[in-house]
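Q: I would like a close look at a single part of this structure. Please walk me through it step by step.

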Amino acid sequence: MKTFTASFLAVALLFGTAAHAQQVQPLDRIAAVVDEDVILQSELDLALNNVLAQYVGREDQLPPREILQRQVLERLILVHLQSAQANQTGVRVSDEEIDTAISNIAAQNKLSPDQMRQQLANDGISYDDFRRSLRDELLSQRLRQRFAQTRISVSEAEVEAALASQDGEQYHLAHILVALPDGATPEQIATGQQKVEGIKALLDKGEMAFSAAAVRYSDSPNALEGGDLGWRSLDEIPAAFASTIRGLQNGQVIGPIRGPSGFQLLQLVETRATDQAAAQSVTQFQARHILVRDEGGDDAKAKARIDTLRARIAGGADFTEVAKESSDDTFTKDKGGELGWFTQDQFGPEFGAAVAGLQDGQVSAPFKTQAGWHIVQREASRQANVTDDNRRAQMRERIGQRKLEDEWNRYLREMRGEAYVDIRTGTPAAADGNGG
């Protein structure tokens, strides 16, 4: 199978390569019931074979097949639950958005959409199944974004503290999670601690590589990726680990540490210095404008009206007074159309192009955007240093992502715990259906 870029990988989990897909005979048997939805055995087999294909030559890193099957099934269960939750909360993905995503994936892999479609067919992947899985992935992304908007906040004090503690380093990390349920009993905590200490002992003795132990034993959603967390700055690392991470050597493991999700082991894979942000400046404009909306879809009437206003200004009328009298922009009308300082792309490409094409003090000809017809008077321009603003915005994003990761994983556990799940694969672990 052609190696697709990262944007494809989340979708590719649901499919096998051609060699494996040809060995799988689609079954009409149900592998699991998830609330009002079902996961077919054929869907599980394809996802399982895809994981096996990724570990060709490294099969010894995988857990026994029945455990691996349960891990893959749990991923599929979460995909179905997120898709259902997205639909219930009004999150939608249109066919046009899926078409755009497919075009982007194809372009990233230097293929046309038709070539990618043929590649999928060559690999035994149904194009309709691919679209459905891509829709599920996009729904999950939208659901996560909505979750972040409503649940995650970052204060100015947090940004200031994180900026002050920056050390100019990034850390490539991996982790192993032994999960504990919310409200875990003393017996469950003791069992979890015994398990994580046993894993740590294997690592300390050199009997197993960290990535292999993560695949085999971790309860984290990224277990099948060897627990890889990627590159992170200090502010993106949970506080329980951040205080000790600086003193580690590459390959060292710390933990177990008890966190909100359970017991964790963390490995520092490698460290690198980050590039210090060079000073950045952008051109900003100060301008005022007059807007005429084409109410009722009568574009000709709106155009005639904006032409009349422009003629008044050309005849000597004061721009500010005309804006106060006649602009349809309720946010700027009382201020004479004043927009303040803004970057060229802030109000859209048409508006930006019109302002950038003027000299300071000049008034534009009427032009149209999605909002309606405009006249703009450019008042001034300047070069603004945005380095500090960018650093603060990046830091806010990093802190938000760290918080989102913790909260989102907790949300997924709650969603999984509250769902009705009846597993029918016939594996020894299949007796763990939730609900009734």
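Which strands does helix 9 lie across, and at about what angle does helix 9 run to strand 6?

A: This is a predicted model. Helix 9 spans residues 186–204. Helix 9 lies across strand 3, strand 5 and strand 6. Its angle to strand 6 (262–273) is about 35 degrees.

Now look at the sheet itself. Four strands form an open sheet. Their order is 4-3-6-5, and the pairing is antiparallel. Strand 4 (228–233) and strand 5 (253–258) are the edge strands. Each of these two pairs on one side only. From one strand to the next, the twist averages 30 degrees.

Zoom in on one pair. Strand 3 covers residues 169–179. Five bridges join strand 3 to strand 4, and the two run antiparallel. Take Y171 as an example: its bridge partner in strand 4 is R232.

Back to helix 9, which also packs against a helix. That partner is helix 10, residues 210–217. The two axes are 10 Å apart, and the packing angle is about 155 degrees. Angles over 145 degrees count as roughly antiparallel, so helix 9 is roughly antiparallel to helix 10. The crossing of helix 9 and helix 10 is right-handed.

Which residues make this contact? Helix 9 supplies K195, I199, L202 and L203. Helix 10 supplies F210, A213 and Y217. Sort the contact residues by class: six are nonpolar, one is charged and none is polar.

Key
Residues are numbered from 1 along each chain as its sequence is written. This is a predicted model: local features need pLDDT of at least 70, side-chain atom pairs count only at pLDDT 80 or more; totals for chains, interfaces and linings use all residues. Side-chain values use heavy atoms; hydrogens and water are left out. Two strands pair if DSSP finds at least two bridges between them. Axes are lines fitted to C-alpha atoms, for helices over the stretch in contact, and angles run from 0 to 180 degrees between N-to-C directions. Contact means heavy atoms within 4.5 Å. Angles under 35 degrees count as roughly parallel, over 145 as roughly antiparallel, 65 to 115 as roughly perpendicular and the rest as oblique. A crossing is left-handed if the near helix is turned anticlockwise from the far one by less than a right angle, and right-handed if clockwise. Ala, Val, Leu, Ile, Met, Phe, Trp, Tyr, Cys and Pro count as nonpolar, Asp, Glu, Lys and Arg as charged, and the others, Gly among them, as polar.
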